[in-house]
Amino acid sequence: QVQLVESGGGLVQAGGSLRLSCEASGSIFSIDDMGWYRQAPGKQHELVASITNNLNTNYATNYADSVKGRFTISRDNAKNTVYLQMNSLKPEDTDVYYCNANVVQTSRAMVEVWGQGTLVTVSS
């Protein structure tokens, strides 16, 4: 069993910042790619940001055009945690943000895991 627990969402005014956290727990051997998604009612699914686990090289990151330059994804492998620093927030960023991870379990079986979501509300 592997679980992702997200935190850090809340209410913020436009132009403000939030930092989302997602901690994986359970029978984890290692974690490969991790990412953040959002899909508000009436909107399409969107990969907000993703990050690889390159070990001996720099992590590779990818961002949706709508958040590029404002959001930063990072990870702490020792804590099995991925972060999303969200700056210069806009009302259109309002959504439930979901963490995703590709996990190698202690059994060496691989599984894709989703978090429960954390709500981000940006007021105008």
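L11 stands opposite T121, a residue of β11. That pairing belongs to a parallel match: four bridges join strand β2 (residues 10-13) to β11. The model is a predicted one, and β11 is a good place to enter it.

Strand β11 covers residues 118-123. Its side chains alternate. T118, V120 and V122 point to one face and are buried. L119, T121 and S123 point to the other face and are not buried. This follows a general pattern: in a regular strand, side chains alternate between the two faces of the sheet. T121, the residue opposite L11, is thus on the face of β11 that is not buried.

β11 also pairs with β9. Here the sense is antiparallel, and the two strands share three bridges. In this pairing D95 stands opposite V120. V120 is one of the buried side chains of β11. Both senses are found in sheets generally, where strands pair through backbone hydrogen bonds, either parallel or antiparallel.

Now step back to the whole chain. The protein has zero helices and 11 strands. Along the sequence the pattern reads β-β-β-β-β-β-β-β-β-β-β. The radius of gyration is 14 Å, close to the 14 Å that the globule rule gives for 124 residues, so the protein is as compact as a globular protein of that length. Along its principal axes, the C-alpha trace spans about 50 × 30 × 25 Å. Buried residues make up 42% of the 124. Among contacts with a separation of 6 or more, 55% come from residues 24 or more positions apart. The protein exposes about 6,700 Å², and carbon and sulfur atoms supply 47% of that area.

Next, the sheet. Four strands form an open sheet in the order β1-β3-β8-β7, with antiparallel pairing. β1 (2-7) and β7 (71-76) stand at the edges. Each has a single partner strand, so one side of each is left without a neighbour in the sheet. The twist averages 15 degrees from one strand to the next. Within this sheet, β1 pairs with strand β3 (residues 18-26) over six bridges. One residue pair to look for is L4 with A24, its bridge partner in β3.

Other strands pair too. Strand β4 (residues 28-38) and strand β5 (residues 46-51) run antiparallel and are joined by five bridges. W36 has A49 of β5 as its bridge partner. β5 in turn pairs with strand β6 (residues 61-63), again antiparallel, over three bridges. There S50 stands opposite N62 of β6.

The loops deserve a look as well. Start with the one between β8 (81-86) and β9 (95-105), which holds N87. What does the side chain of N87 make a polar contact with? The partner is the side chain of S17, at 2.8 Å. N87 and S17 are 70 residues apart along the chain, but their C-alpha atoms are separated by 4.4 Å. Beyond its neighbours within four places in sequence, N87 is in contact with G16, S17, R70 and F71. N87 is partly exposed, with a relative accessible area of 30%.

S88 lies in the same loop between β8 and β9. At 43% relative accessibility, S88 counts as partly exposed. S88 has a positive phi of about 50 degrees, although it is not a glycine.

D93 is another residue of the loop between β8 and β9. Is D93 buried or exposed? D93 is buried, because its relative accessible area is 1% and the cut-off for buried is under 20%. Apart from neighbours within four places in sequence, D93 is in contact with R38, V67, R70, F71, S88, V120 and V122. Two of these, V120 and V122, are buried side chains of β11. R70 and F71 are listed among the contacts of N87 too.

One more loop residue is worth finding. N80 sits in the loop between β7 and β8. N80 has a positive phi of about 50 degrees, although it is not a glycine. Its relative accessibility is 24%, so N80 counts as partly exposed.

Note on methods. Residues are numbered from 1 along each chain as its sequence is written. This is a predicted model: local features need pLDDT of at least 70, side-chain atom pairs count only at pLDDT 80 or more; totals for chains, interfaces and linings use all residues. Side-chain values use heavy atoms; hydrogens and water are left out. Buried means under 20% relative accessible area, exposed over 50%, partly exposed in between (1.4 Å probe, protein chains only). Contact means heavy atoms within 4.5 Å. A polar contact is a pair of N or O atoms within 3.5 Å; within protein, one must be able to donate a hydrogen and the other to accept it, and residues adjacent in sequence count only if both atoms are side-chain atoms. Two strands pair if DSSP finds at least two bridges between them. Axes are lines fitted to C-alpha atoms, for helices over the stretch in contact, and angles run from 0 to 180 degrees between N-to-C directions. The radius of gyration is taken over C-alpha atoms; the globule rule is 2.2 Å times the number of residues to the power 0.38. Accessible areas come from the Shrake-Rupley method with a 1.4 Å probe; for residues, only the protein chains shown count as cover.
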